[in-house]
Amino acid sequence: MTLVLRDVENWYFDLEYCIHAIKEYNDFLRKNTNTRKYQLEAVEEFLKKPLIYVPKKYVDDLAELAAKLPSHKLFNEEKKPSVVFEFENLDDRDKAKNVLEINNIHYTSGKTLVPFRLSGNVEWGIPFPECEELQDLTFWVWPESLWAPISFTLAYLKEQGKEDDLFRWWYDKESKVYQFIGEDNIYFYAIAQTGLFTGLQVPKGEVPDMEKVHLSHIIANRHLLYMDTKASSSSELKPPTADELLHYYTKDQLRMHFMSLGLSSKSIGFKPQVFMKKEDQVGVDMVLKDGNSITNVFNRLIRTCFYSIQNNCNGKIPKGNVSEQIKLMTEKTVFDYERYMYNHEFHCISYVLVYLLDIPACFQTD
């Protein structure tokens, strides 16, 4: 088989046009919400004007080089290893790249918004509508993945005979969609999706009020490192599927373990011992240990209470007053739980459960 490089035409979304709206929304999230800081900073990196970094060691005459480039701003800080050229648009930066390549000057492009590809030329994708004589195109995987949750919701509602409820789930002012993603997908869900979904709600040419545009609440997590290695479909060490994990652990054990890892702040290893060689297994299986925390809470705080009532009170909950100490401790625990959940600090939930185990009694009768 011979590989052939050929020109093709595809459709793109003008993401660069949305830069001011995305910046406004990112600033709003920073000032008014609990969106994770590193997520906001990752978005901010792409909201700069098109930049080119040229190492100073490759520049013989900076003034001569600058004169060959399209209109730009030049930043030449004494302690920085590179000079920075800032352009007003992508076209000017592309022209500057050509100049640098012709002169065999090494450079690095800075992050910025570029057109977001919508269509592709593979045959097995979802068909793209024929438009302006472009035919036989399919949707590129990434834009399709952004609205796939909406498509799934619609498909499920159709099965339930509730197709008309789609608006209530996704667009109603009282609804809020939470999307949990990995940090390497921030560009797609917190940038491209923001621009694309804003464009679907506000016609081009109108200035969107980003406080009113209905968007998902994005929660970006750090990486879960299977056996301390970032896993992927091309990795030599393949991570287990969800079905394989559920063959050895319950959903509650897995949920508690993942919550305890603190992926909101750092990438961390996931090492279920059932998938390790015997000689590599050291200590207890942390998946089981964390999962047992919730089991202990149920056993000691719920079953014990009901067993005691059954044995000592003829199976009837006695009428009485909760002691002030227990009342205050329980209220504090509930408030702590709600605060941690609201701020997506899921690893702190395990501390709340441990605290519950210290509450010595449930009731104090008159």
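**Exercise 1.** How exposed is Arg255, in terms of relative accessibility, and into which class does this residue fall?

*Solution.* The structure is a predicted model, and the values used here are computed from it. Step one is to read the value for Arg255, which is 44% relative accessibility. Step two is to compare this value with the cut-offs, where buried means under 20%, exposed means over 50%, and partly exposed lies in between. Arg255 therefore counts as partly exposed.

**Exercise 2.** Find the salt-bridge partner of Arg255 and describe how the two residues are placed along their helix.

*Solution.* The partner is Asp252, and the closest N and O atoms of this pair are 2.8 Å apart, which satisfies the rule that the nitrogen must lie within 4 Å of the carboxyl oxygen. Both residues belong to helix H9 (residues 251-260), and because they are three residues apart there, about one helical turn separates them. Asp252, at 31% relative accessibility, also counts as partly exposed.

**Exercise 3.** Work out which parts of the chain are tied together by the salt bridge between Lys49 and Glu88.

*Solution.* Begin with the contact itself, in which the closest N and O atoms of Lys49 and Glu88 are 2.9 Å apart. Next, locate each residue: Lys49 lies in the loop between helix H2 (37-45) and strand S2 (51-55), while Glu88 lies in the loop between strand S4 (82-86) and helix H4 (90-102), so the pair ties together parts that are 39 residues apart in sequence. Finally, consider accessibility, for which Lys49 has 35% and Glu88 has 49%, so that Lys49 counts as partly exposed and Glu88 counts as partly exposed.

**Exercise 4.** Repeat this reasoning for the salt bridge between Asp184 and Lys230.

*Solution.* The side chains of Asp184 and Lys230 meet at 3.8 Å, taken from N to O. Asp184 is found in the loop between strand S9 (178-182) and helix H7 (186-201), and Lys230 in strand S12 (residues 229-230), so this pair ties together parts that are 46 residues apart in sequence. Asp184 is partly exposed at 43% relative accessibility, and Lys230 is partly exposed at 47%.

**Exercise 5.** Where does Ile317 lie, and which surface patch does this residue help to form?

*Solution.* Ile317 is placed in the loop between helix H10 (286-312) and helix H11 (324-342). Its relative accessible area is 57%, so Ile317 is exposed. Together with Phe298, Ile302 and Phe306, Ile317 forms a nonpolar patch on the surface, and the four residues have about 400 Å² of accessible area together.

Conventions:
Residues numbered from 1 in each chain as written. Predicted model: local features only at pLDDT ≥ 70, side-chain atom pairs only at ≥ 80, totals over all residues. Heavy atoms only, no water. Patch = residues over 30% accessible without salt bridge, like charges linked within 9 Å, V, L, I, M, F, W, Y side chains within 5 Å. Areas by Shrake-Rupley, 256 points an atom, 1.4 Å probe, with all protein chains shown as cover. Helix = DSSP H or I, 4+ residues; strand = E, 2+ residues; numbered from the N terminus. Buried < 20%, exposed > 50% of the residue type's maximum accessible area, 1.4 Å probe, protein only.
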